[in-house]
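User: I'm new to reading protein models and I'd like to practise on this one. Can we go through it with a few questions?

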Amino acid sequence: VGASSLMTEQEDFLSLQKFAGAEIDRVGLCDDPNPGRAGEGYLNALNIGFQNELYEAEAHHRTGLAYRDQEKFPQAIAAMQKSLEVRPAIAEVYHHLGTVYERMLDAERAIAAYLTAVRLRPNYLVARFHLAAAYVEVDPKRSIREFETYVALAEDRQREQDRLQRAKEHLIRLQQNY
């Protein structure tokens, strides 16, 4: 039993190391971002396995991000859906799934994913902004309401100032037309 436990700990350590290396590749901490190499690293970590389902879910999520950044959208969707099978109520995964659908020009699915993200976490500002933007062409009146909600939530957030300005510009244009 002791040897088995030690082996499990070593595998977990190795999978976490592979995950960490993939993160470095994805965000470009040591070099330019390399989503292809990152995706391979996440898959290697998943093949080794995780004892903690949080790590497993996040590895699938990050694999999806790597695929998204390579514009491999079907693989990105599959990886993110696998993440949601492991841990079904993670707002960030739904938000990122929305960004995949948005890049695929599938507004209906993007909106559904963004809606789930903001239902899970109503103050999730970036997801709320993307939801409002996704509604611009589909349902402008709903877009106005979502941008107004975003502005009310983001008004005092320093990190949101760029998006806040864009939201206000969208609101002015939308309100002039509706």
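Analyst: Sure! Keep in mind that this is a predicted model. Let's start with a pair in helix 8: Arg 142 and Glu 146 both sit there, four residues apart, or about one turn of the helix.

User: How far apart are the closest N and O atoms of Arg 142 and Glu 146?

Analyst: An α-helix has 3.6 residues a turn, so residues three or four places apart point the same way. Arg 142 and Glu 146 are four residues apart in helix 8. They form a salt bridge, and their closest N and O atoms are separated by 3.2 Å.

User: Glu 146 also forms a salt bridge with Arg 128. Which helix does Arg 128 lie in?

Analyst: In that salt bridge, the closest N and O atoms of Arg 128 and Glu 146 are 2.9 Å apart. Glu 146 belongs to helix 8 while Arg 128 comes from another helix, so the pair ties together parts 18 residues apart in sequence. The helix that holds Arg 128 is helix 7.

User: Is Arg 128 buried or exposed?

Analyst: Buried means under 20% relative accessible area. Arg 128 has a value of 10%, so Arg 128 counts as buried.

User: Within what arc do the buried residues of helix 2 fall?

Analyst: The buried residues of helix 2 include Pro 35, Ala 38 and Tyr 42. On the face turned away from that buried side are the exposed residues Glu 40 and Asn 47. Seen down the helix axis, the buried residues line one face of helix 2 because they fall within an arc of 160°.

Definitions and conventions. Residues are numbered from 1 along each chain as its sequence is written. This is a predicted model: local features need pLDDT of at least 70, side-chain atom pairs count only at pLDDT 80 or more; totals for chains, interfaces and linings use all residues. Side-chain values use heavy atoms; hydrogens and water are left out. Buried means under 20% relative accessible area, exposed over 50%, partly exposed in between (1.4 Å probe, protein chains only). Helices (H or I, at least four residues) and strands (E, at least two) are DSSP runs, numbered from the N terminus. The arc is that of the directions from the helix axis to the C-beta atoms. A salt bridge is a side-chain nitrogen of Lys or Arg within 4 Å of a carboxyl oxygen of Asp or Glu.
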